[in-house]
Amino acid sequence: LSISLFVLRGGWMLWSPHRLRQPWVRVVPHAIDTVLLAAALWLAWQLGAAAMSGWLVAKIVGLLVYIVLGTIALKRGRTRRTRVAALVGAIATFGYIAMVALTKSPFGAFARA
């Protein structure tokens with residue numbers, strides 16, 4: 001849901017910015033990202049010391065980077081170029097988070113099999 005809504009809002013930012021002012025657009029994505037972050041922190045707490053092995057920390061840091069880049073892309077970026085760069089960076093960061101989750105390695109797709 002997070003990445004789907006983010007890509008949708010990114011498209012709206014580029015081609016139909018007025019749609020970003022809809023009330024649900026200001027609430028739902030933030031709620032989803034908050035649930036993702038809370039779930040990651042809860043998992044870290046459940047795993048205890050094992051969580052600090054690297055992959056979960058990388059995932060949480062990646063999620064924070066994704067959120068920051070997302071706010072630059074959709075709200076805080078001053079120029080269209082900055083917003084597009086942040087949009088691409090956020091999507092790439094989300095891909096990294098997914099790879100870390102699949103491989104259980106902070107190296108993501110570059111992890112040894």
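**Group meeting: a four-helix model**

Let me start at Lys-104. Lys-104 is partly exposed, with a relative accessible area of 48%. The cut-off for exposed is over 50%, so Lys-104 stays in the partly exposed class. Where does Lys-104 lie? It lies in the segment after α4, and α4 covers residues 80–103. Look at the backbone there too. Phi of Lys-104 is near 55°. That is a positive value, and the residue is not a glycine.

One caution before I go on. This is a predicted model.

Now the overall picture. How many helices and strands are there? The protein has four helices and zero strands. Along the sequence the pattern reads α-α-α-α. The C-alpha atoms fill a box of roughly 45 × 25 × 20 Å, taken along the principal axes. The protein has 113 residues, and 35% of them are buried. Next, contacts between residues at least 6 apart in sequence. Of these, 53% join residues at least 24 apart. The accessible surface comes to about 7,300 Å². Carbon and sulfur atoms account for 70% of that surface.

Next, a pair of residues on two helices. Ser-2 sits in helix α1, residues 2–15. Ile-32 sits in helix α2, which spans residues 23–47. Is Ser-2 buried or exposed? Ser-2 is buried, at a relative accessible area of 9%. Ile-32 is at 18%. Buried means under 20%, so Ile-32 counts as buried as well.

How far apart are they? In sequence, Ile-32 and Ser-2 are 30 residues apart. In space, their C-alpha atoms are 6.3 Å apart. They are also in contact. Set aside neighbours within four places in sequence, and Ser-2 contacts Ile-32, Asp-33, Leu-36, Tyr-66 and Phe-94. Apply that filter to Ile-32, and it touches Leu-1, Ser-2 and Leu-5.

Stay on α2, but turn to His-30. This residue also lies in helix α2. At 42% relative accessibility, His-30 is partly exposed. Take Met-13 as a partner for a distance. His-30 and Met-13 are 17 residues apart along the chain. Their C-alpha atoms are separated by 16 Å. Set that beside the other pair: Ile-32 and Ser-2 are 30 residues apart in sequence, with 6.3 Å between C-alpha atoms.

Now the surface. There are two patches to show you.

Which residues form the nonpolar patch? Leu-8, Trp-24, Val-27 and Val-28 form it. Together they have about 320 Å² of accessible area. Helix α2 gives the most to this patch, with three residues. Trp-24 lies in that helix. Its relative accessibility is 36%, so Trp-24 counts as partly exposed.

The other patch is positive. Arg-21, Arg-26, Lys-75 and Arg-76 form it. Arg-26 lies in helix α2. Why does Arg-26 count as exposed? Its relative accessibility is 51%, and the class needs over 50%.

To wrap up, walk along helix α2 once more. Trp-24 is partly exposed at 36%. Arg-26 is exposed at 51%. His-30 is partly exposed at 42%. Ile-32 is buried at 18%. One helix, then, holds part of the nonpolar patch, a member of the positive patch, and a buried residue in contact with Ser-2.

Note on methods:
Residues numbered from 1 in each chain as written. Predicted model: local features only at pLDDT ≥ 70, side-chain atom pairs only at ≥ 80, totals over all residues. Heavy atoms only, no water. Helix = DSSP H or I, 4+ residues; strand = E, 2+ residues; numbered from the N terminus. Buried < 20%, exposed > 50% of the residue type's maximum accessible area, 1.4 Å probe, protein only. Contact = heavy atoms within 4.5 Å. Areas by Shrake-Rupley, 256 points an atom, 1.4 Å probe, with all protein chains shown as cover. Patch = residues over 30% accessible without salt bridge, like charges linked within 9 Å, V, L, I, M, F, W, Y side chains within 5 Å. Salt bridge = Lys/Arg side-chain N within 4 Å of Asp/Glu carboxyl O. Lys, Arg positive; Asp, Glu negative; His and termini not counted. Charge placed at Lys NZ, Arg CZ, Asp CG, Glu CD.
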